[in-house]
Amino acid sequence: MSGAGSLAHYEIRIEGALDERWTSWFEGLQVTSEGKQTIISGPLTDQPALHGVLAKVRDLGLCLISVRRLGPDETGKTTPQ
């Protein structure tokens, strides 16, 4: 890991409901369900780490809805749809 300054926070939305037990599978990222969608969010060290999480979404056969890089004022918040 390079430094705390290099972390970027992401919000990944997928179709389907996963519960927080999936947190360890998704490298400690926060996993929350909102109706029929799941939001996987938190800091990632770099682009390869992001692609690793996206590969896990693919490997589970989940439908990816969106990926957003969050700004500093959005960290820890999710956006309503």
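**Exercise 1.** Which two strands form a hairpin, and how many residues stand between them?

*Solution.* Strand 2 and strand 3 form the hairpin, with two residues between them. Gly35 lies in the turn and has a positive phi of about 65°. The structure is a predicted model, in which local features need pLDDT of at least 70 and side-chain atom pairs count only at pLDDT 80 or more, while totals for chains, interfaces and linings use all residues. Residues are numbered from 1 along each chain as its sequence is written, and side-chain values use heavy atoms, with hydrogens and water left out.

The next step concerns pairing, which requires that DSSP finds at least two bridges between two strands. Strand 2 and strand 3 (residues 37–44) are joined by five bridges in the antiparallel sense. Opposite Val31 stands Ile40 of strand 3.

**Exercise 2.** Place the hairpin within the chain as a whole.

*Solution.* Helices (H or I, at least four residues) and strands (E, at least two) are DSSP runs, numbered from the N terminus. The protein chain contains one helix and four strands, and their order along the sequence is β-β-β-α-β.

Confidence is expressed by pLDDT, which runs from 0 to 100 for each residue. The chain has a mean pLDDT of 86, and 85% of its residues reach 70 or more. Confidence is lowest in strand 2 (residues 30–34), with a mean of 93, and highest in strand 4 (residues 63–70), with 97.

**Exercise 3.** Describe the aromatic cluster and the burial of its members.

*Solution.* The cluster is formed by Trp22, Trp25 and Phe26. Rings of Phe, Tyr and Trp (its six-membered ring) pair if their centres lie within 6.5 Å; planes under 30 degrees apart count as stacked, over 60 as edge-to-face and the rest as tilted. By this rule there are two aromatic pairs. Trp22 and Trp25 are edge-to-face, at 6.4 Å centre to centre and 85° between the planes. Trp22 and Phe26 form a tilted pair, with 6.5 Å between centres and 45° between planes.

Burial follows from relative accessible area (1.4 Å probe, protein chains only): under 20% is buried, over 50% exposed, and in between partly exposed. Phe26 is buried, at 0%, whereas Trp22 is partly exposed at 29% and Trp25 is partly exposed at 37%.

**Exercise 4.** Which residue lies over the face of Trp25?

*Solution.* A charge sits over a ring if NZ of Lys or CZ of Arg is within 6 Å of the ring centre and within 35 degrees of the ring normal. Lys56 occupies this position over Trp25, at 5.1 Å from the ring centre.

Conventions
pLDDT is the predictor's confidence in each residue, from 0 to 100.
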